[in-house]
Amino acid sequence: MIMAVLGKVKEAGLPLMKLVKLRGMPILQQLHLEERLLRTSSDNWCLINDGTSSPAIVMELVEAKPVLQDRISIIRRFTGGGTVVVDQNTIFVTLICNKDAVSNVQPFPRSIMSWSGLLYSEVFEGLAGFHLRENDYVFDDRKFGGNAQSITKHRWIHHTSFLWDYEVKNMSYLKLPAKAPEYRLTRSHMDFVCRMKEYVPRSEFIEKTIKAIGGQFSVKSISLESIDIPSVSEYVHTTRLLTEQEIQEACTIQT
């Protein structure tokens, strides 16, 4: 039933999507790869990175003093989005598509988000409480998946950080956002998020995600080494690490 709603496919057959399965790729390297694929490739891509090698914070709404003290990397990503602490317990799923890849998806954030919500409804089918709430994936009213998007003239990217598990200490690096989803109310980070491992095994989630994508695309697995895109020296990324000075300046502003 869900598959019938997910979208019409081209009469000539399912569009091709290249799948790259990664394990432990550093998040900065992953974001650089995503940005190059979005802007220099004409193929549809799915990247699944099972954990990142060391803790990092994506974006910069943080408690700067403990971040500096513990020497945690802060990354400003090209898609913007909210702040998230990522580590080996985070599973990353990225979808990069041409605008005509799925016929009923319009190149607008709400349309892409609605489609992805239906896609993951299939992944989590049978698990009570899964919803797309505002721009988050939740079980009941607790978030476990955060999203960011970017739309270019001919393509779009939708990537998600899934909180399979988390270290309690990492939550202390995050500031409470001034603008939060309505359903969050005034809850702390610990009360707002949940661990996905309490609902589904890690490997099962990855397998079901690939299966769901296979209902929309003809999926072809390829290796990281076989990706034919411009090298780092030929492409200037907008995703970057914040310098220590920038973090210190943020610390001064926040105090």
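Two strands count as paired here if DSSP finds at least two bridges between them. By that rule, strand 3 (residues 56-58) and strand 5 make a pair, because three bridges join them; the two run antiparallel. One spot to look at is isoleucine 57, which stands opposite valine 85 in strand 5. The model is a predicted one, and the pair just described belongs to an open sheet of four strands in the order 5-3-4-12, with mixed pairing. Strand 5 (84-86) and strand 12 (240-241) sit at the edges of this sheet, each pairing on one side only. Helix 2 (residues 27-40) lies across strand 3, strand 4 (73-76), strand 5 and strand 12, and runs at about 10 degrees to strand 4.

Stepping back to the whole chain, there are eight helices and 12 strands. Of the 255 residues, 49% are buried. The chain exposes about 12,700 Å², with carbon and sulfur atoms supplying 52% of that area. Contacts reach well along the sequence: among those between residues at least 6 apart, 77% join residues at least 24 apart. For a single long-range example, leucine 118 and alanine 212 are 94 residues apart in sequence, yet their C-alpha atoms are 9.8 Å apart in space. Leucine 118 itself lies in helix 4 (residues 109-123) and is partly exposed, with a relative accessible area of 30%.

Strand 10 (155-163) is a good place to see burial at work. Nine of its nine residues are buried, so the strand is largely enclosed by the rest of the structure. In a regular strand the side chains alternate between the two faces of the sheet. Both faces of strand 10 are covered: Arg155, Ile157, His159, Ser161 and Leu163 are buried on one side, and Trp156, His158, Thr160 and Phe162 on the other. Strand 10 also has partners to pair with. Strand 6 pairs with strand 10 in the antiparallel sense over nine bridges, and in this pairing leucine 95 has histidine 158 as its bridge partner. Strand 9 is antiparallel to strand 10 as well, over seven bridges, with glycine 146 opposite serine 161. A hairpin of three residues joins strand 9 to strand 10.

Strand 10 also feeds into the largest nonpolar core, as one of the elements that give two or more residues to it; the others are strand 1, strand 2, strand 6 (90-98), helix 4, strand 8 and helix 7 (202-214). Helix 4 makes the largest contribution, with six residues. This core has 33 residues, and those touching the most other members are Tyr120, Phe124, Phe144, Phe162, Met196 and Phe205. Phenylalanine 124 shows what that looks like up close: leaving aside neighbours within four places in sequence, it is in contact with Phe130, Phe139, Phe144, Met196, Val200 and Phe205. Apart from this core lies another one of 21 residues, among them Leu37, Ala56, Ile75 and Ile227.

Then there are the charged side chains. Side chains of opposite charge can pair when their charged atoms come close. The model has 10 salt bridges. In one of them, aspartate 43 meets lysine 18 at 3.0 Å, N to O. Aspartate 43 lies in the loop between helix 2 and strand 2 (44-52) and lysine 18 in strand 1 (residues 16-24), so this salt bridge ties together parts that are 25 residues apart in sequence. Aspartate 43 has 25% relative accessibility and counts as partly exposed.

A more local case is found in helix 2, where glutamate 35 and arginine 39 are four residues apart, about one turn of the helix. Their closest N and O atoms are 3.8 Å apart in the salt bridge. Glutamate 35 is buried, at 0% relative accessibility, whereas arginine 39 is partly exposed, at 40%.

Arginine 187 and aspartate 141 form another salt bridge, at 3.6 Å, N to O. This pair links distant parts of the chain, 46 residues apart: arginine 187 is in the loop between helix 5 (168-171) and helix 6 (189-192), and aspartate 141 is in the loop between strand 8 (136-139) and strand 9 (142-151). Arginine 187 comes in at 16% relative accessibility and is buried, while aspartate 141, at 34%, is partly exposed. Elsewhere, salt bridges that share partners join Arg23, Asp50 and Arg202 into one network.

Technical notes. Residues numbered from 1 in each chain as written. Predicted model: local features only at pLDDT ≥ 70, side-chain atom pairs only at ≥ 80, totals over all residues. Heavy atoms only, no water. Contact = heavy atoms within 4.5 Å. Axes fitted to C-alpha atoms, helices over the stretch in contact; angles between N-to-C directions. Buried < 20%, exposed > 50% of the residue type's maximum accessible area, 1.4 Å probe, protein only. Areas by Shrake-Rupley, 256 points an atom, 1.4 Å probe, with all protein chains shown as cover. Salt bridge = Lys/Arg side-chain N within 4 Å of Asp/Glu carboxyl O. Core = buried A, V, L, I, M, F, W, Y, C linked by side-chain atoms within 4.5 Å.
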